[in-house]
Each structure stands twice: as C-alpha cells, then as structure tokens.
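This report looks at how nonpolar residues group together in one chain, and at two loop residues with an uncommon backbone angle.

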Amino acid sequence: MIRIVIADDQAMVRAGFAALLDAHPDLEIIGQAQDGEECVRMVADCEPDIVLMDVRMPTMDGIEATRTIVANARSASAAGPRIIMLTTFDIDDYVFDAIRAGASGFLLKDAPPNELAEAVRVVASGDGLLAPSVTKRVIEHFAATPAASEASTPSTLPDLTDREREILVLVARGESNSEIAARLVIAVQTVKTHVSRILYKLDARDRAQAVIAAYESGLIVPGTQG
C-alpha cells in the first residue's frame, strides 16, 4: 500500500485527486493539507510515502514546503517521502526551483487519471523518473538555466565507472530500468544495482537529482542524445 498526502489550497482539487487515487486498491490517501505549513506538519505526523504538492499555495508554497520536508528528513537521517509537484503549466520556473528543493518529479494537473496513479507508483518505487513528454522539456530547460543545482557538481562524475556513466546517460533520457536492461542486454536487477551506486556516488536523493547532475556536469547536453 502506497500512503499519500495531498497538499493543495483548493478543496475541490484535493477531493478530486483523493477520489481518483482512492479508487486504486494499492493507493491510500492518509491526509489532505490546504497549504505548505499544514503539509509539513502532516508529513511529520503521518509519514507518507508520497506527497502530491501544489506549487502555488498561501502561507507556505509548495517549494518551501518541499525544502522543509527534505531538510527535516535529512536531519532525522530518514528517507522521507518522495514529492511530486503539481502544476498547471508545461514550463513553470517554480517547478525548476522545486526540483532543486528535492522534488522527485512533477505532473500537470490536467493529466489523465490513469497517468496520475501510475506517476505515484513510479515515483514511489524509484523505478524511474516520472517522464511524460513535458518532463523532458522541463529537465532540459532546468539544465540550461544559469542557476546551479545543489544535487551535484562536475567533480563528482569522475567517480563513476564507464558502465555507470553509460547507464546514467540512459536514465537521463528517461528510460526505465527494464528499457535500460533490454538496451544493454543485462538483467534488470543489475541495472538497479548500478543505479543505486550512481545515486550513492552523486549523493543524489533520487533519479530526478541524478538526471540534473548528468545535464549540469556536461555528460549530456540539453537537446542532444547524450
């Protein structure tokens, strides 16, 4: 069972998402917050697996709430929940800040219901970066901006082996573990092991931050195939 908290300042939006996700037997809504401050408190009390976080909310917005939740988890030496940002725009500067803050991915609010549920499962499992077509555009836009991410610096990438670099390139293209395994003719479990080592070496919280590290280090140039 994947435990979920929804944070959005619009009650009807929260109720809609809750109804859609509660219809799936493997998903459970354990809390709904109307702003970032309430979400931070709820996460501390309920310890969800996933937070669906609206970007723009009063009192404390989704970016600051994400930053606080990630910082609280680190101070407690805990993994903390994975955070999916919700936005109404294809390209939204707030989303780039959210990824820097530690969000694991994002989703447009008008995404189809089945895409919402699958996004939750994908991010919860860590199997792959949430990757509708808009995600790749956001990653490339983020990587091309002058502001630096705290996820990694170019000096960390030489620690990767040749195979790990190869797999990081494929991860950055948005390929799943199974797709990478098929491309490289290796076992899925072997890919998972390599990805885990990549995250450890890059000090990346999840695949989203590893992707940003790949772009910012120059391993992949935005708009190219790597």
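In this predicted model, the largest nonpolar core holds 23 residues. Within that core, Ile167, Leu168, Ile180 and Leu202 touch the most other members. Helices H7 (162-172), H8 (177-184), H9 (188-202) and H10 (207-216) each supply at least two residues of this core. H7 gives the largest share, six residues.

Ile180 shows what such packing looks like for a single residue. Leaving aside residues up to four places away in sequence, Ile180 touches Ile167, Leu170, Val171, Glu175, Val191 and Arg207. Apart from the largest core lies another core, of 21 residues. Among the members of this other core are Val51, Met60, Ala103 and Phe106.

The backbone is the next topic. Most residues other than glycine have a negative phi. Which phi value does Thr59 have, near what number of degrees? Phi of Thr59 is near 70 degrees, a positive value, and Thr59 is not a glycine. Asp203, also not a glycine, has a positive phi of about 55 degrees. The table sets out both residues.

| Residue | Phi | Loop | Relative accessible area |
|---|---|---|---|
| Thr59 | near 70 degrees | between strand S3 (50-54) and helix H3 (62-75) | 60% |
| Asp203 | about 55 degrees | between H9 and H10 | 66% |

Are these two residues buried or exposed? Thr59 counts as exposed because its relative accessible area, 60%, is over 50%. Asp203 is exposed for its value of 66%.

Conventions:
Residues are numbered from 1 along each chain as its sequence is written. This is a predicted model: local features need pLDDT of at least 70, side-chain atom pairs count only at pLDDT 80 or more; totals for chains, interfaces and linings use all residues. Side-chain values use heavy atoms; hydrogens and water are left out. A nonpolar core is a set of buried Ala, Val, Leu, Ile, Met, Phe, Trp, Tyr and Cys residues joined through side-chain atoms within 4.5 Å. Buried means under 20% relative accessible area, exposed over 50%, partly exposed in between (1.4 Å probe, protein chains only). Helices (H or I, at least four residues) and strands (E, at least two) are DSSP runs, numbered from the N terminus. Contact means heavy atoms within 4.5 Å.
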